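Colleague: I am new to this structure and would like a close look at a single part of it, the packing of one pair of helices together with what surrounds them. Could you take me through that part slowly, in one connected account?

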Amino acid sequence: MTTSISRPALSRRPAVARTGKSGRARAWATRAPLLPALVFLIAVTQLPFVATLVISLFDWNSLSPDKRHFTGLSNYASVVTDPALRDSVITTVVLTVAVVLVTVVLGLLFALLLDRTFFGRGMVRTLLITPFLIVPISAALLWKHALYNPEYGLLNGALTWVGDLFGVESMSQPDWISGMPLLAVEAALVWQWTPFMMLILLAGLQSRPAEMMEAARLDGASAWQTFRYLTLPHLRRYLELGVLLGSVYIVQNFDAVFTITSGGLGTANLPYTIYETFYRAHEYGLASAAGVVVVIGTMIIATFALRVVSSLFREEANRA
């Protein structure tokens, strides 16, 4: 009995070992084509970040290269205590929160509109998506010159037309950028990023179970009740995803601030302040420390975004 049991067990061990080796070989054969892309990704993203980490530990001004010396975490302390950098952090938070909240609300309204069937819906959808397809620097230039310019801008032209319509001869012609600089930047970003939110929320609306909506309609639920108790809970994950991804993009925004206000009048966010510190003040160590802070903050937000995306995929898989 003992011999008949142990022999098959001994005979299986080489087969199991061969299976394990062949499985590992297949796994490496599957991953091998991805290795060049992985090496390229590490060389392009991780090595510069490591170099930035090293530079952030030095007091390094390019105008005085001989005085470069190791300072440890003092640059990070300066990021927290320096008034200009602290103000830029506050401006970044205000700008991000305002733009994300407004774009989510407008994106939801436009998504609810496009979820309906009406004549010309395809054309309306294309027009609403167009701002998101424009190059960011071009969009900022469009707002600065075509809309905000106090002499020939569209906004002041509209005010003049309204004044002529109602017989007001001396209609004021405000300078939008100098009068409300942060709001001017926020309006340009809202115009450009609302289509992004709209697409995410429209995908969520079109993924609603049709039988659930039909049952609510047959039960006599009003449009508001359907939206509050069915549509809004279903869109919760999509709203979270839109807020998180929008925050990642807006936190890093540089084009609108640089083009519209050049960081003046209290509109300098953290990316623009890093640009000023690096290219104008030539403080490489301090700028690198501020850049690391931005990257860490973005990574934290991105981690939450990835969790939301994975939960969306799990919900769709369970539904299927």
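Modeller: In this model, which is predicted, the pair to begin with is α6 and α9, whose axes come within 10 Å and cross at roughly 130 degrees. Because of that angle, α6 counts as oblique to α9, and the crossing of the two helices is right-handed. On the α6 side the contact is made by P136, A139, L142 and W143, while α9 brings A187, A188, W191 and Q192 to it. Sorted by class, the contact of α6 with α9 holds 7 nonpolar residues and 1 polar residue, with no charged residues.

One of these contact residues, L142, deserves a longer look. L142 is found in helix α6, and with a relative accessibility of 35% it counts as partly exposed, because buried means under 20% and exposed means over 50%. Setting aside residues up to four places away in sequence, L142 touches L147 and W191, and W191 is one of the residues that α9 gives to the contact with α6. L142 also leads towards a part of the chain that is remote in sequence: I260 is 118 residues away along the chain, yet the C-alpha atoms of L142 and I260 are separated by 9.6 Å.

That second residue, I260, belongs to the wider setting of the pair. In the largest nonpolar core, which has 41 residues, I260 is named with V185 and L189 as touching the most other members. The elements that each give two or more residues to this core include α6 (136–147), α9 (181–205) and α13 (255–261), and among the others are α4 (83–114) and α12 (236–251). The largest share, 13 residues, comes from α9. If one follows V185 outwards, leaving out residues up to four places away in sequence, V185 touches L95, A256, V257, I260 and T261. Apart from this core lies another, of 11 residues, with Y76, V79, I274 and V294 among them.

The surroundings of α6 can also be approached from α13, the helix in which T259 is found. T259 is buried, since its relative accessible area of 7% lies under the 20% cut-off. Without its neighbours within four places in sequence, T259 is in contact with I137, A140, L141 and K144.

Beyond α13 the chain enters the loop between α13 and α14, and two residues there call for attention, S262 and L265. As background, most residues other than glycine have a negative phi. S262, although it is not a glycine, has a positive phi of about 55 degrees, and L265, likewise not a glycine, has a positive phi of about 60 degrees. As for accessibility, S262 is partly exposed, with a relative accessible area of 41%, whereas L265, at 58%, counts as exposed.

For a second helix pair to set beside the one we began with, one may turn to helix α3 (residues 74–81) and α4, whose axes come within 5 Å and cross at roughly 65 degrees. Their contact is made by S78, V79, V80 and T81 of α3 and by P83, L85 and R86 of α4, and by class it has 4 nonpolar, 2 polar and 1 charged residues.

Terms used. Residues are numbered from 1 along each chain as its sequence is written. This is a predicted model: local features need pLDDT of at least 70, side-chain atom pairs count only at pLDDT 80 or more; totals for chains, interfaces and linings use all residues. Side-chain values use heavy atoms; hydrogens and water are left out. A nonpolar core is a set of buried Ala, Val, Leu, Ile, Met, Phe, Trp, Tyr and Cys residues joined through side-chain atoms within 4.5 Å. Buried means under 20% relative accessible area, exposed over 50%, partly exposed in between (1.4 Å probe, protein chains only). Helices (H or I, at least four residues) and strands (E, at least two) are DSSP runs, numbered from the N terminus. Contact means heavy atoms within 4.5 Å. Axes are lines fitted to C-alpha atoms, for helices over the stretch in contact, and angles run from 0 to 180 degrees between N-to-C directions. Angles under 35 degrees count as roughly parallel, over 145 as roughly antiparallel, 65 to 115 as roughly perpendicular and the rest as oblique. A crossing is left-handed if the near helix is turned anticlockwise from the far one by less than a right angle, and right-handed if clockwise. Ala, Val, Leu, Ile, Met, Phe, Trp, Tyr, Cys and Pro count as nonpolar, Asp, Glu, Lys and Arg as charged, and the others, Gly among them, as polar.
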